[in-house]
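Got your viewer open and a hand on the mouse? Follow along, and select each stop as we get to it.

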Amino acid sequence: MIYTTTTDLSLSEVNAQLESSAKSHAFGVLHHYEFKKILESKGFPIEKDITLYEICNPKGAQALLIESPEASVFLPCRISVYEENGKIVLATINLENFITYIDATKELKEHLRALYQDIIKLLNSF
C-alpha cells in the first residue's frame, strides 16, 4: 500500500530539492507540513523530522475530478520524507492499488497510472 525508496542525500538536501524536482516531473508543490514542528507546537512532540509534501498535476487532477469526484479523497498526492535507520526515506501511497477501485474510464485510469509512474520517477530521482 506504500511505495518507499531511500537516498543517500541528507534530509535537508531532499527537502531543499523536492520542489524543483517535482516541477521537472510535471508536478507542483501545493503545501508542505513539518510534523515535528506542528506537533511540538501543540504539546505533542515527536523525535523524527517528518515532512509531508502535497503535490499536484493540475491536468490529471482536473480529469480525475470531472469523472470521479469521490477520488478527491486521494488528492493532492502526498510524498513523505523522513530518516529511518540512517537513510532518508521518500514514501507515497501506492496509487496503483486504488486506481482499480475508482469509477473512471479506461483511458483515465491509464493516464493516472502514468502519473503514478511519474511520482515514482520523482521519488527515485533523489
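Start by selecting Thr-7 and Leu-9. A polar atom of the Thr-7 side chain sits 3.2 Å from the backbone nitrogen of Leu-9. Keep in mind as you look that this is a predicted model. Thr-7 belongs to strand β1, which covers residues 2-7. Is Thr-7 buried or exposed? With a relative accessible area of 5%, Thr-7 is buried. Now show what surrounds Thr-7: setting aside residues up to four places away in sequence, Thr-7 touches Val-14, Lys-87, Ile-88, Leu-90 and Phe-126.

**Next stop: strand β5**

Select residues 87-93, which make up β5. Five of the seven residues in β5 are buried, so this strand is mostly covered. Which way does β1 run against β5? The two are antiparallel, and six bridges join them. For one of the bridge pairs, click on Tyr-3, whose partner in β5 is Thr-92.

Now add β4, residues 77-84. β4 also pairs with β5 in the antiparallel sense, over five bridges. Here you can pick out Val-81, which stands opposite Leu-90 in β5. Follow the chain from β4 to β5 and you go round a hairpin with two residues between the strands. In that turn, pause at Asn-85, which has a positive phi of about 55 degrees.

**Stay a moment on Thr-92**

Go back to Thr-92 in strand β5. At a relative accessible area of 6%, Thr-92 is buried. Draw a distance from the Thr-92 side chain to the backbone oxygen of Arg-78, and you should find 2.6 Å. If you leave out neighbours within four places in sequence, the contacts of Thr-92 are Met-1, Ile-2, Tyr-3, Arg-78, Tyr-116, Ile-119 and Leu-123.

**Into the core**

In soluble globular proteins, nonpolar side chains tend to be buried together. To see the case here, select Leu-18, Ile-55, Ile-79 and Val-81, the residues with the most contacts inside the largest nonpolar core, which has 28 residues. Colour these elements next: α1 (11-24), β3 (50-56), β4 (77-84), β5 (87-93), α4 (95-99) and α5 (106-124), since each gives two or more residues to this core. Which element gives the most? That is α5, with eight residues.

For a look from inside, centre the view on Ile-79. Not counting neighbours within four places in sequence, Ile-79 is in contact with Leu-18, Thr-51, Leu-52, Tyr-53, Ile-55, Ala-91, Leu-122 and Leu-123.

**Along helix α5**

Now select Leu-115, which is found in helix α5. Leu-115 counts as buried, at 11% relative accessibility. Beyond residues up to four places away in sequence, Leu-115 touches Phe-27, Asn-57 and Gly-60. Take Phe-27 from that set: Phe-27 and Leu-115 are 88 residues apart in sequence, while their C-alpha atoms are 9.4 Å apart in space.

**A pair of rings**

How many aromatic pairs are there to find? The count comes to one. Select Phe-74 and Phe-98: the ring centres are 4.7 Å apart and the planes meet at 45 degrees, so the pair is tilted. This pair links distant parts of the chain, with Phe-74 in the loop between α3 (58-67) and β4, and Phe-98 in helix α4, 24 residues apart. Phe-74 is partly exposed, with a relative accessible area of 24%. Phe-98 is partly exposed as well, at 21% relative accessibility.

**Last stop: two cysteines**

Finish with Cys-56 and Cys-77. How many disulfides does a search of the whole structure find? Zero. Why are Cys-56 and Cys-77 not bonded? The sulfur of Cys-56 is 7.5 Å from the closest cysteine sulfur, the one in Cys-77, and that is too far for a bond; a disulfide needs the two sulfur atoms within 2.5 Å. Seen from the other end, the closest cysteine sulfur to Cys-77 is that of Cys-56. Cys-56 counts as buried, at 19% relative accessibility, and Cys-77 counts as buried too, at 14%.

Terms used. Residues are numbered from 1 along each chain as its sequence is written. This is a predicted model: local features need pLDDT of at least 70, side-chain atom pairs count only at pLDDT 80 or more; totals for chains, interfaces and linings use all residues. Side-chain values use heavy atoms; hydrogens and water are left out. A nonpolar core is a set of buried Ala, Val, Leu, Ile, Met, Phe, Trp, Tyr and Cys residues joined through side-chain atoms within 4.5 Å. Buried means under 20% relative accessible area, exposed over 50%, partly exposed in between (1.4 Å probe, protein chains only). Helices (H or I, at least four residues) and strands (E, at least two) are DSSP runs, numbered from the N terminus. Contact means heavy atoms within 4.5 Å. A polar contact is a pair of N or O atoms within 3.5 Å; within protein, one must be able to donate a hydrogen and the other to accept it, and residues adjacent in sequence count only if both atoms are side-chain atoms. Two strands pair if DSSP finds at least two bridges between them. Rings of Phe, Tyr and Trp (its six-membered ring) pair if their centres lie within 6.5 Å; planes under 30 degrees apart count as stacked, over 60 as edge-to-face and the rest as tilted.
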